[in-house]
Amino acid sequence: MRAVFSVLVAAGNLKRKFPSESEEVLMLRSISDVNLAKFLAFDVPLFKGITSDLFPGVELPLPDFGALTSTLEEHLAKEHCQPHPYFIEKIIQFYECHVVRHS
């Protein structure tokens, strides 16, 4: 039940932030934000399949994380790490999850 509560709290926060956005988009965004960071790579296609069945035809607008991505790449280069796209994607998912839970 905690997971359902987290999704509902996230959906409420998104509704207050974007009052004119459709509820389907807000609900799908909150479900993704709360859960996607927890999944391993092979679970993501299954999750996307389930959410596309629950929300047919609903497409999420892609958020612009250009500044965050460029800062991550600079920091990784400074630390002599490779900026692998999967690693950066997981960091962004963690950031979204953090914002949802602690905003």
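**Stop 1: helix 3, inside and out**

Start by selecting Val44, Phe47 and Thr51, the buried residues of helix 3. Together they cover an arc of only 60 degrees around the axis, so they sit on the same side of helix 3. A bit of helix geometry helps here: an α-helix has 3.6 residues a turn, so residues three or four places apart point the same way. Keep in mind as you look that this is a predicted model.

What do the buried residues of helix 3 pack against? Colour helix 2 and you will find the partner: the buried side of helix 3 packs against helix 2.

Now turn the view around. The face of helix 3 directed away from its buried side carries the exposed residues Pro45, Leu46 and Asp53.

**Stop 2: a nonpolar patch on the surface**

Keep Leu46 selected and add Ile50 and Leu54; these residues make a nonpolar surface patch of about 320 Å². Leu54 belongs to helix 3, which covers residues 44-54. Is Leu54 buried or exposed? Its relative accessibility is 57%, and exposed means over 50%, so Leu54 counts as exposed.

**Stop 3: the largest nonpolar core**

Next, go inside. Select Val7, Ala10, Val25, Leu28, Ile31, Val34, Leu36, Val44, Phe47, Phe55, Val58 and Val100: these 12 residues form the largest nonpolar core. Which elements give two or more residues to this core? They are helix 1 (2-17), helix 2 (23-35) and helix 3. Helix 2 supplies the largest share, with 4 residues. You have already met two of the members, Val44 and Phe47, on the buried side of helix 3.

**Stop 4: Leu62 in a loop**

Follow the chain onward to Leu62, in the loop between helix 3 and helix 4 (66-78). Leu62 has a relative accessibility of 81%, so it counts as exposed. For a distance to try in your viewer, pick the C-alpha atoms of Leu62 and Gln93: these residues are 31 apart in sequence and 13 Å apart in space.

**Stop 5: His80 and its backbone angle**

Move on to His80, found in the loop between helix 4 and helix 5 (85-102). What is its phi angle? It is positive, about 60 degrees, although His80 is not a glycine. The side chain is worth a look too: with a relative accessible area of 74%, His80 is exposed.

**Stop 6: Ile88 in helix 5**

Select Ile88, which lies in helix 5. In contrast to His80, which is exposed, Ile88 is buried, with a relative accessible area of 7%. Which residues does Ile88 touch, leaving out those up to four places away in sequence? Show Thr69, Leu72, Glu73, Leu76 and Pro83 to see them. For a longer line across the model, join the C-alpha atoms of Ile88 and Leu14: they are separated by 24 Å, and the residues are 74 apart along the chain.

**Last stop: the whole chain**

Finally, zoom out and show the ribbon. The protein chain has 5 helices and 0 strands, giving the pattern α-α-α-α-α along the sequence. Its C-alpha trace spans about 40 × 30 × 25 Å along the principal axes. Of its 103 residues, 28% count as buried. Switch on the surface: the chain exposes about 7,500 Å², and carbon and sulfur atoms supply 64% of that. How much of the contact network joins residues at least 24 apart? Among contacts between residues at least 6 apart in sequence, the share is 60%.

Terms used: Residues numbered from 1 in each chain as written. Predicted model: local features only at pLDDT ≥ 70, side-chain atom pairs only at ≥ 80, totals over all residues. Heavy atoms only, no water. Patch = residues over 30% accessible without salt bridge, like charges linked within 9 Å, V, L, I, M, F, W, Y side chains within 5 Å. Areas by Shrake-Rupley, 256 points an atom, 1.4 Å probe, with all protein chains shown as cover. Salt bridge = Lys/Arg side-chain N within 4 Å of Asp/Glu carboxyl O. Buried < 20%, exposed > 50% of the residue type's maximum accessible area, 1.4 Å probe, protein only. Core = buried A, V, L, I, M, F, W, Y, C linked by side-chain atoms within 4.5 Å. Arc of directions from axis to C-beta. Contact = heavy atoms within 4.5 Å.
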